[in-house]
Structure formats: C-alpha cells, structure tokens
Amino acid sequence: MLSSSLNILTVVYSFSFCFLANYTLCNFESGFCEWMQQLPSNGSVWVQGQGRTSSRLGLSITDHTTNTSQGMFIYFKATSDHKSVHTIELGIPVLKNQLVKGLPCQLRFWYQMTEGANMSVHIMTTAGGQMKRVADLTTPTNKVWAKLEVSVEPHGAETMVPFQILLQGSVLGGPNAFIALDDMSLTPGCVVSNTMLPTTFTEHKDSTCTFEEDSCGWFENVSNDNFDWIRSSSSALPPNIKNQAPAQDHTTNTVDGHFMFILNNESNLFQVAELNSPQLSQSGTGCTMHFWYYNYGQAVGAAKMYLVIDGVQNRTVVWWTYNTQYNQWLQGSVQLGRLTRPFHLTLVKVSLSIYDGVAAMDDITFVNCSLPSAVDFCEGTNQFWCKETRACIDQLQLCDLIDDCGDGSDEDNCGKWNLRILLKINIAHLGYLCLTWKEHLRRVLYTKIYLQLHYSSA
C-alpha cells in the first residue's frame with residue numbers, strides 16, 4: 001500500500017498569547033514560539049534550521065522572513081530511506097471563531113515542498129475525532145517559498161464550538177524529500193478559547209445543566225457580600241439555613257438533588273446576588289432557554305434576568321418575576337433567538353436589608369441553539385442555500401434582520417428599507433394574526449438588539 005511507504009507528519013498549530021492583539025505570528029527566528037512537540041519513538045521531528053547549515057541536506061538556502069542564509073525556518077525530512085510510517089504532533093491551545101462579520105479566522109504560512117512530499121490542512125472539533133480537510137498541497141515548489149492562506153473556521157452547526165488546526169504532511173522515504181515551513185500566522189478572527197476540546201460533538205442536541213455534577217460554569221459574580229448564589233442540596237445544609245433553600249431539587253425531587261440558591265448569611269443594606277451563565281459564542285434563530293426557579297417568601301423580593309452582549313453597552317431585561325406565594329418549583333423561559341456576538345445571561349436579586357424567603361434555580365436547558373447543519377444542496381425551490389455555512393433555510397427568512405445562516409448571506413443586498421418593512425409586518429401581525437403581547441414584545445426586542453448591533457456606530 002502507498003501509505004506504508006510514507007513518513008506521516010501531523011502538526012497542530014499553537015501560539016503565544018502576546019501576539020493576539022494583531023496577527024499571531026511565529027517566524028521561528030528564536031525558537032518554536034509556543035509549539036510543543038510530542039516526540040514519537042521513531043525519532044521523526046520538526047527541526048529548526050537555517051540555510052547556511054542545512055543546505056547540505058538538500059534544504060532551502062534562505063528562510064522566508066529575512067531572505068538570508070542566517071534566517072531560521074522549520075523542516076521535516078524522512079528519518080531514513082526505509083519505507084515506514086512516522087507520526088508527530090505539536091501541542092495547541094484551543095481556538096474559537098471571533099464571530100465578527102468580515103473578520104474570518106484564517107491560517108497563513110509559507111512553505112517549500114519537494115517531489116514526493118505533500119501536505120494538507122485540517123480542523124478538528126472533538127478530541128481524537130474526525131478531521132475535516134480544508135486544503136491540500138501537492139505541487140512541489142522547487143525550493144521557492146510559496147504562500148498558503150486558508151479559512152479554518154468551522155461552519156454550520158459547529159460554528160459555536162471550539163476547534164483545533166492540524167497540518168498533516170507526508171514525505172516518501174528518501175534522502176532529499178522534505179517539507180519546510182516559515183512565518184505561520186493566524187488572523188485576528190481566531191481567538192484562544194481557554195477550553196479543551198469535547199470528546200464528542202452533540203449536534204443539535206439540547207444542552208442541560210442539572211447542577212448534579214457541578215455548576216456547569218454558572219457562577220456568583222458579586223461574591224463575599226454575605227448574599228450569594230451557591231450550589232448545594234437540602235441534605236447538605238445545616239439546620240439553621242435549611243429554610244433558605246427548597247426542600248427538594250427539581251431534577252430528582254429528593255433532598256440529595258442539587259440546585260443553585262441564594263444564601264443570606266448576614267443582612268445589610270443593598271446586597272446583590274448575581275448569577276452569571278458561561279460565555280456563549282452565539283445562538284441560532286430558534287434558541288430558547290428553559291429553566292425551573294423557586295421564588296417564595298414574604299420578603300423574597302423580585303428577580304430579573306439580563307441578556308449581556310459583547311460590544312453592546314446596555315444589558316436587556318429578558319425575564320423577571322415578582323414576589324410569589326407559590327411554595328414550589330415553577331418553569332420560566334427566555335426566547336433568545338439569533339445572537340451573532342458572544343453573550344451571557346445574568347440573574348440578579350437585590351436585597352434592601354430585609355430578605356426572607358427561598359430563591360433557587362435548577363434544570364437550565366438551551367434548546368435549538370445550534371446553527372443549521374451544512375448540506376451539499378437544498379431540496380425544493382423555497383429553500384435558500386447559505387453562501388459560507390452551506391446550510392439551507394426557508395426563503396421566508398431572507399432579509400428579516402436576523403442572520404439565520406450564520407454567515408450573514410441571507411441578509412446581504414437587503415438595504416435598510418427592510419427595517420421599515422419588518423416594522424409594518426409586525427404591526428400587521430399584531431392586528432390580524434392576533435399575536436400575544438409576549439410574541440410582539442419578543443419581535444420588538446429582536447429589532448432593538450439588531451439596531452444596537454448594526455446601527456449604533458452609524
């Protein structure tokens with residue numbers, strides 16, 4: 001088989017945080033930057049070289065950065081003339097898409113390849129999972145530096161998830177076959193995710209937090225004021241504070257089930273308990289958050305949930321509840337819809353020195369928050385094929401001020417006049433289709449968010 005006669009090289013791109021304000025660049029002049037090699041047992045490695053010392057090995061006589069024989073680059077050669085397979089990897093931080101229109105995540109580098117060598121670029125969204133090929137390099141460069149620039153961001157339903165970039169190269173066993181790389185960079189559309197890749201990617205499945213294992217990234221933002229959201233169960237609480245928490249959780253309906261609740265250790269004037277969600281990259285058109293809440297007691301007070309969007313100055317109230325006399329779990333919902341920027345949710349309660357009651361949260365679920373999946377073609381004439389994400393959406397979703405595709409192509413060439421049309425349609429719907437006031441409020445909220453995102457700087 002052909003594969004048995006190749007030296008296979010796999011590279012995962014890594015970089016230093018200090019370059020993130022501009023281009024993330026590694027020119028290999030003073031080392032491998034933050035590239036971390038996991039050395040295989042067969043001895044195949046990327047080697048830092050320069051023309052004046054490596055030309056005798058049949059390599060380039062100059063680097064790309066300085067175009068001199070003193071300049072540095074990295075290269076890979078077969079370890080011997082024997083036909084065998086070798087694999088090597090470089091460690092990475094995980095990336096995510098910046099999600100700013102017109103600011104794509106791209107990988108750029110300069111390379112040289114000889115006859116008998118080839119290389120491909122992949123992205124991977126699950127640890128140890130399937131790699132998606134985004135570029136192939138098969139043509140020898142005859143010892144001349146050639147440039148590759150390729151978009152490496154995931155599309156479709158995987159747009160929201162973190163990912164890694166991998167370069168995979170192969171060199172036939174021989175004394176003169178090699179691959180050389182220099183001046184590798186990432187554009188500002190790529191940012192560090194500060195997370196690990198998931199072991200599996202659950203496409204279009206609901207994301208639920210029951211708080212049984214941990215807090216799922218939800219956290220108290222105003223801590224140490226003796227009025228805080230904490231994770232616990234009724235059975236784990238001492239008797240003197242059991243009255244501040246539900247008797248059972250909602251998930252298991254037992255005293256051992258976990259939830260988030262407000263613990264008031266000492267009453268003071270104007271205490272704030274602020275429960276923040278994890279930062280979410282974006283959401284699909286039909287995204288809705290469901291949750292169960294407890295808000296019981298004579299002096300428990302109101303609670304408000306805010307939507308906080310990166311780059312938008314004011315946060316928006318999306319849900320609230322006032323004093324309640326229901327000593328039980330109640331369900332709440334928030335229709336988030338399409339959000340193109342990173343965002344999080346904040347549940348806030350304020351105590352004005354008098355607090356007596358139970359405030360708790362459990363079983364938070366995000367439903368239909370993924371973007372539509374990429375497909376090879378759309379079925380039917382009433383479908384629109386998105387330009388970049390390659391997803392299919394209904395023609396009725398075109399020019400509705402909502403980026404249903406995830407790449408903005410369904411809102412291209414629409415013009416600002418569609419805002420007036422949308423407002424007229426909303427008024428007509430309210431009058432003739434008998435929309436509820438909540439649905440009308442949701443439409444107004446969508447319009448408000450759109451204006452903040454797209455016309456605040458106009």
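Of the 458 residues in the protein chain, 48% are buried. The model is a predicted one, and its secondary structure amounts to 3 helices and 27 strands. Among the contacts in the chain with a separation of 6 or more, 75% are made by residues 24 or more positions apart. The accessible surface is about 22,600 Å², and carbon and sulfur atoms contribute 53% of that area.

A good place to start looking at the strands is β5, which spans residues 72-77. Because 6 of its 6 residues are buried, β5 is largely enclosed by the rest of the structure. The cover extends to both faces of the strand: M72, I74 and F76 are buried on one side, and F73, Y75 and K77 are buried on the other. Two pairings of β5 can be described. Strand β4, residues 47-50, runs antiparallel to β5 and is joined to it by 4 bridges, with V47 standing opposite Y75. Strand β13 also pairs with β5 in the antiparallel sense, again over 4 bridges, and here F76 of β5 faces I179 of β13.

Strand β13 covers residues 178-186 and includes D183, a residue that invites a closer look. D183 is buried yet takes part in no salt bridge. The nearest side chain of opposite charge belongs to K147, 9.7 Å away, whereas a salt bridge would require a charged nitrogen within 4 Å of a carboxyl oxygen. What D183 does have is polar company: its side chain makes a polar contact of 2.6 Å with the side chain of H64, and another polar contact, of 2.4 Å, links it to the side chain of T65. Beyond its neighbours within four places in sequence, the surroundings of D183 comprise contacts with L25, C26, N27, F28, H64, T65, R108, F109 and W110. H64 and T65 thus appear both in this contact list and as polar partners of the D183 side chain, H64 at 2.6 Å and T65 at 2.4 Å.

Elsewhere in the chain, 5 strands form an open sheet with antiparallel pairing, in the order β16-β19-β24-β21-β22. Its edges are β16, residues 219-220, and β22, residues 316-321, each of which pairs on one side only. At the β16 edge, 2 bridges connect this strand to β19, residues 271-276, and the two run antiparallel. Within that pairing, F219 has N276 of β19 as its bridge partner.

Methods
Residues numbered from 1 in each chain as written. Predicted model: local features only at pLDDT ≥ 70, side-chain atom pairs only at ≥ 80, totals over all residues. Heavy atoms only, no water. Pairing = 2+ DSSP bridges. Buried < 20%, exposed > 50% of the residue type's maximum accessible area, 1.4 Å probe, protein only. Lys, Arg positive; Asp, Glu negative; His and termini not counted. Polar contact = N/O pair within 3.5 Å; in protein donor to acceptor, adjacent residues only side chain to side chain. Contact = heavy atoms within 4.5 Å. Areas by Shrake-Rupley, 256 points an atom, 1.4 Å probe, with all protein chains shown as cover.
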